[in-house]
Structures are given as structure tokens and as C-alpha cells.
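Trainee: Hi, could you walk me through a structure today? I have some quick questions.
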Amino acid sequence: MDGELLEDARHITAEGIAYDKKELEAPAGVAFGIHFIQKDAGVGGHDVDIRTPEAQTIVDNQVLQDPGEITYIIPPLEAGTYTFICSIHPIPQMTGTLTVK
């Protein structure tokens, strides 16, 4: 894994079936990392997927079934507004806005 992607990763934590952030920013046209910490046990797991404004999943990341952490590498995205969301719990508490510019 590219050390620079890890060093510059965006950070999100899931706890109490909620993300700790509602907004993230990333640069357009370059890969970036999302360091994800999953603190909930016994809830079916969490992930951080990326969707277009039309709700099409364009990045389908691994679900962490148990507490743990992972750094997802997100491929280059075009400038725009995207949604980051937990595919297991697609509720407002586990949904946010990713602005790519």
C-alpha cells in the first residue's frame, strides 16, 4: 500500500451505529485513502461505500463484521459531490457527503 495514501487518509469511525463525520473532502483525479475504525460488535458489520448522486455504488468496500480497522484505497474520482454510506445500515446516521475537488 502506498505510504502517502495512508499518511493522507481521511478518517471515519463507526460507533453506536453512526459515523463520527458527516462530511469529507478529497482531491479530484487521484487515489486517496479512507481509514475506517469499526467499534460496534454484534450489529452485522459496517463499511464505507461511495455512491453517485443517483445512488449508484461506485466503490463497494469490504464490510468489517467485527470491531477493527482498515484503510480503504479509493480510486481516482472526478470532481463532484458523492455520498459515503454504510451498505449494512443505510440510515442518516451512517451517511455523509464526500466532496471531490
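Mentor: Sure, we can go through the strands, the aromatic rings and a few loop residues. This is a predicted model, where local features need pLDDT of at least 70, side-chain atom pairs count only at pLDDT 80 or more, and totals for chains, interfaces and linings use all residues. Residues are numbered from 1 along each chain as its sequence is written, and side-chain values use heavy atoms, with hydrogens and water left out.

Trainee: Great. What is the strand order in the open sheet of three strands?
Mentor: The order is 1-3-6, with mixed pairing. Strands here are DSSP runs of E with at least two residues, numbered from the N terminus, and two strands pair if DSSP finds at least two bridges between them.

Trainee: And which strands stand at the edges?
Mentor: Strand 1 (10–14) and strand 6 (68–74) do; each has a single partner strand, so one side of each is left without a neighbour in the sheet. On average, neighbouring strands of this sheet are turned by 20° against each other, direction ignored; the axes are lines fitted to C-alpha atoms.

Trainee: How many bridges are there between strand 1 and strand 3?
Mentor: Five, and strand 1 pairs with strand 3 (residues 32–38) in the parallel sense. One partnership to look up is Ile12 with Phe36 in strand 3.

Trainee: Is Phe36 buried or exposed?
Mentor: Phe36 is buried, with a relative accessible area of 0%. The scale is: buried under 20% relative accessible area, exposed over 50%, partly exposed in between, with a 1.4 Å probe and protein chains only.

Trainee: Which ring in strand 6 does Phe36 pair with?
Mentor: Tyr72, and the pair ties together parts that are 36 residues apart in sequence, because Phe36 lies in strand 3 and Tyr72 in strand 6. The two rings are stacked, at 6.0 Å centre to centre and 20° between the planes. Tyr72 is buried as well, like Phe36. For the cut-offs, rings of Phe, Tyr and Trp (its six-membered ring) pair if their centres lie within 6.5 Å; planes under 30 degrees apart count as stacked, over 60 as edge-to-face and the rest as tilted.

Trainee: How many aromatic pairs does that rule give?
Mentor: Three. Another of them is Tyr19 with Phe36, edge-to-face at 6.4 Å centre to centre and 85° between the planes. Tyr19 sits in the loop between strand 1 and strand 2 (23–26) and Phe36 in strand 3, so this pair links parts 17 residues apart in sequence. Tyr19 is buried, at 7% relative accessible area. Ring pairs link Tyr19, Phe36, Tyr72 and Phe84 into a cluster.

Trainee: Switching to backbone: what is odd about Ile17?
Mentor: Ile17 has a positive phi of about 50° although it is not a glycine. Most residues other than glycine have a negative phi. Ile17 is in the loop between strand 1 and strand 2, and its 29% relative accessibility makes it partly exposed. Ala55 also has a positive phi, about 70°, without being a glycine; it lies in the loop between strand 4 and strand 5 and is exposed at 53%.

Trainee: What does Thr52 touch?
Mentor: Leaving aside neighbours within four places in sequence, Thr52 is in contact (heavy atoms within 4.5 Å) with Ile58 and Tyr82. Thr52 is in the loop between strand 4 (49–51) and strand 5 (57–59), and it is buried at 12%.

Trainee: Last one: how do strand 4 and strand 7 run?
Mentor: They run antiparallel, joined by three bridges, with strand 7 covering residues 80–85. Arg51 has Thr83 as its bridge partner there. Strand 7 also joins strand 8 (residues 95–100) through six bridges, again antiparallel.

Definitions and conventions: Helices (H or I, at least four residues) and strands (E, at least two) are DSSP runs, numbered from the N terminus. Axes are lines fitted to C-alpha atoms, for helices over the stretch in contact, and angles run from 0 to 180 degrees between N-to-C directions.
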